[in-house]
Amino acid sequence: MASVAVFFLLLMSVAFAAALPSSTFFTYSEAPKFRDADTCPACTAGDCDPDLVHIAMTLDAHYLRGSIAAVHSILRHTSCPDSLFFHFLTTAGVSDSGNSGDELAAAMRTIFPSLRFSAHRFREDRVRGLISGSIRPALETPLNYARNYLGDLLPLCVRRVIYLDSDILVVDDIRLLWDSASTALNAAKSAAVAAPEYCHANFSRYFTASFWKGPWGRLPFEGRRRRPCYFNTGVMVLDLNRWRAKGYSRKIERWMEVQKRNRIYDLGSLPPFLLVFAGEVEGLDHRWNQHGLGGDNLKESCRVLHPGPVSLLHWSGKGKPWDRMDAGKPCPIDHLWKVYDLFSTAVTPSSSSSLSIS
């Protein structure tokens, strides 16, 4: 029996080698099965049941380890895992890393056998010509802009969706975020985005001097329902019916076209969202995005949690916990992320024949 188990794990190791960079064979542990509480709704098959909580994330080879930890944390802390439906956004073909979206989705299926999800292929050429250089190359990845097109990528029956970056952990029931955002969006009648806002942040620094001195100035923000404030696009709840009706994908694209001509910002996909939505966002409790744990966009400095309750931790910034762990230089907060990491040891292909599993 032991030899059968070892053989099975070896096969898993080879399978994951096809879905990840070829220099190393990676293995991941299968996640445990999490069961619904007795009070959970009985959701039907498919992705159109109104009782489902919809969650969208991107799948990228470098961030796969983060995505796996994020999904693991969500499942571990929710009372109704069977009512969660994930939408994974992948590249339509082979990515720059040499991995296809189908391979990454297959990896998720192996690690989470009972997970309800669909993979949605995002055509990178839809946005590639609109992307400008950023202060950090990772922010220029086309898949980073897939969130702009959720209204097109997801089925029309999906009215709302939680969008999450891959460098997060959820340490509370995700349905609480869903319910809180739904209450806020229902009350607002017209808002398409709910997210934690940070009105103490220097809003002007997200745009260049050329923007403020040019023909735009504060004109884009005039007539908004409230004061324009910074919000982080790595944690949002989107009303897709309103998004589609108001053509927000195209509005974001128009600002990206302005950027190509005039260089009005330096920071990837965030500023176009601010230009379209700042002052129109329904604010959520800050506990749902304790961001900045990866330092800033230039330095991997260690950060501590902000005061107050925490439901979601976000390693936004340059430093990612899996990279710092592998480099042997983790920040204290990274050890919390490690609790949800399903990654196991790696073996180089040259020594794979002598693989031993204790």
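A contact here means that heavy atoms lie within 4.5 Å of each other. The structure is a predicted model, in which local features need pLDDT of at least 70 and side-chain atom pairs count only at pLDDT 80 or more, while totals for chains, interfaces and linings use all residues. Residues are numbered from 1 along each chain as its sequence is written, and side-chain values use heavy atoms, with hydrogens and water left out.

**Exercise 1. Describe the protein chain as a whole.**

Step one takes the contacts with a separation of 6 or more, of which 76% join residues 24 or more positions apart. Step two takes the secondary structure: the protein chain has 11 helices and 12 strands, where helices (H or I, at least four residues) and strands (E, at least two) are DSSP runs numbered from the N terminus. Step three takes burial, and 55% of the 358 residues are buried, a term that means under 20% relative accessible area, with exposed meaning over 50% and partly exposed in between (1.4 Å probe, protein chains only).

**Exercise 2. Place Phe117 in its surroundings, and explain why Phe117 counts as buried.**

Begin with the element: Phe117 lies in strand 4, which covers residues 117–122. Phe117 counts as buried because its relative accessibility is 12%. Then look across the sequence, where Phe86 is 31 residues away along the chain although the two C-alpha atoms are separated by 4.4 Å. Leaving aside residues up to four places away in sequence, Phe117 touches Phe85, Phe86, Phe88, Ala105, Met108 and Arg109.

**Exercise 3. Identify the residues that touch the most other members of the largest nonpolar core, and the element that gives the most to this core.**

A nonpolar core is a set of buried Ala, Val, Leu, Ile, Met, Phe, Trp, Tyr and Cys residues joined through side-chain atoms within 4.5 Å. The largest such core has 50 residues, and Leu150, Val193, Phe207, Phe231 and Phe277 touch the most other members. Several elements each supply at least two residues, among them strand 7 (193–198), helix 8 (248–262) and helix 9 (270–277). Helix 9 gives the most, with six residues. Phe277 touches Ala192, Val193, Arg224, Phe231, Trp243, Tyr248 and Ile252, again not counting residues up to four places away in sequence. A second, separate core of 44 residues includes Ile55, Phe117, Leu164 and Val237, which returns us to the residue of the second exercise. As a general background, nonpolar side chains tend to be buried together in soluble globular proteins.
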